[in-house]
Amino acid sequence: IEAYPVLLMLGLVPWHFLSHAWTSGMHALLSQREIAKRTAVPPWVIIGGTVLSDLYNLGFASLSILPLIAFYPESFKVSAALLLLPVLVVCLVAFGLGLALASGVLNVLYRDVGYLVDSVLIALFWATPIVYPMDRVPGLGHTLMHLNPMATLIEAFRVIVMQGRAPSAPILLAAVLGSVGVLLAGMIVYRRFAPVVNDHV
């Protein structure tokens with residue numbers, strides 16, 4: 001695969017943010033139980049603050065891609081499509097926040113949720129085009145990739161950076177709708193279980 005290190009890093013950097021934001025957000029209420037129990041701070045603020053704090057790590061990790069310009073200058077395209085990157089970052093944060101909100105309250109009630117999430121992350125890693133390009137997945141598998149918001153987000157990052165153009169409408173739409181859908185689902189789960197969090201934290 002041409003310029004494989006660039007393709008790989010464009011998959012690993014957003015994945016690292018998602019996995020860390022999800023797991024740290026999931027454990028936020030338990031690791032900061034004194035704040036959750038003894039203050040009026042809503043649980044969603046604790047979870048959301050934990051996820052947003054990982055944006056610093058995302059920024060520094062993104063800088064690690066820049067040295068590759070010296071080795072693969074043809075794989076970095078400067079274009080107006082770069083203006084879409086903040087939109088994709090917002091979608092990435094929304095995706096991670098939705099997962100963290102749902103798993104964060106469920107982990108308080110059911111302490112085995114953490115083990116389940118760890119297993120899901122391993123499966124999701126290989127079901128997401130991180131170490132391989134999305135176009136190498138044939139037939140039905142390629143179509144099903146559009147149901148994975150992380151797959152479409154990574155594909156969009158790669159198209160913008162490496163090809164200098166906006167992602168196709170199906171990819172962009174799937175990334176946005178998938179991320180927003182996960183966020184809304186996470187908010188629904190959170191609202192359902194948040195009232196009893198303080199009783200179990």
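**Exercise 1. Locate alanine 3, state what is notable about its phi, and classify its burial.**

Step 1. Alanine 3 lies in the segment before α1. Helices in this numbering are DSSP runs of H or I with at least four residues, strands are runs of E with at least two, and both are numbered from the N terminus.

Step 2. The phi of alanine 3 is near 55 degrees, a positive value in a residue other than glycine. Most residues other than glycine have a negative phi.

Step 3. Alanine 3 has 7% relative accessibility and therefore counts as buried. Buried means under 20% relative accessible area, exposed over 50%, and partly exposed in between, with a 1.4 Å probe and protein chains only.

The model is predicted: local features need pLDDT of at least 70, side-chain atom pairs count only at pLDDT 80 or more, and totals for chains, interfaces and linings use all residues. Residues are numbered from 1 along each chain as its sequence is written, and side-chain values use heavy atoms, with hydrogens and water left out.

**Exercise 2. Find the position of serine 75, and list its contacts.**

Step 1. Serine 75 is in the loop between α3 and α4.

Step 2. Its relative accessible area is 6%, so serine 75 is buried.

Step 3. Leaving aside residues up to four places away in sequence, serine 75 touches Ala3, Val6, Val161 and Met162. Contact means heavy atoms within 4.5 Å.

**Exercise 3. Describe how α3 packs on α4.**

Step 1. Helix α3 covers residues 43–63 and helix α4 covers residues 85–109; they pack at an angle of about 140 degrees with their axes 10 Å apart. Axes are lines fitted to C-alpha atoms, for helices over the stretch in contact, and angles run from 0 to 180 degrees between N-to-C directions.

Step 2. That angle makes α3 oblique to α4. Angles under 35 degrees count as roughly parallel, over 145 as roughly antiparallel, 65 to 115 as roughly perpendicular, and the rest as oblique.

Step 3. The crossing of α3 and α4 is right-handed. A crossing is right-handed if the near helix is turned clockwise from the far one by less than a right angle, and left-handed if anticlockwise.

Step 4. On the α3 side the contact residues are Trp44, Ile47, Gly48, Val51, Leu52, Leu55 and Leu58, and on the α4 side Val89, Leu92, Val93, Leu97, Ala100, Leu101 and Gly104. These divide into twelve nonpolar, two polar and no charged. Ala, Val, Leu, Ile, Met, Phe, Trp, Tyr, Cys and Pro count as nonpolar, Asp, Glu, Lys and Arg as charged, and the others, Gly among them, as polar.

**Exercise 4. Do the same for α1 and α4.**

Step 1. Helix α1 spans residues 4–31; the axes of α1 and α4 come within 7 Å and cross at roughly 30 degrees.

Step 2. That makes α1 roughly parallel to α4, and the crossing is right-handed.

Step 3. Residues of α1 that meet α4 include Pro14, Phe17, Leu18 and Trp22; among their α4 counterparts are Leu92, Val93, Phe95 and Ser103. The contact residues of this pair divide into 15 nonpolar, six polar and no charged.

**Exercise 5. Check the length of α3 and of α8, then say what their buried residues pack against.**

Step 1. The expected span of a helix is 1.5 Å times one less than its number of residues.

Step 2. The 21 residues of α3 should span 30 Å, and the end C-alpha atoms are 32 Å apart, which agrees.

Step 3. Buried residues of α3 include Pro43, Ile46, Thr50, Asp54 and Ala61. The buried residues of α3 pack against α1, α2 (33–38), α4, α8 and α9.

Step 4. Helix α8 (residues 169–193) has 25 residues and should span 36 Å; its end C-alpha atoms are 36 Å apart, which agrees.

Step 5. Among the buried residues of α8 are Ile171, Gly178, Leu183, Tyr190 and Phe193. The buried residues of α8 pack against α3, α4, α7 (149–163) and α9 (197–200).

**Exercise 6. Place histidine 200, and relate it to arginine 33.**

Step 1. Histidine 200 is in helix α9.

Step 2. With 39% relative accessibility, histidine 200 counts as partly exposed.

Step 3. Histidine 200 and arginine 33 are 167 residues apart in sequence, and their C-alpha atoms are 9.8 Å apart in space.

Step 4. Not counting residues up to four places away in sequence, histidine 200 touches Val108, Leu109 and Arg111.
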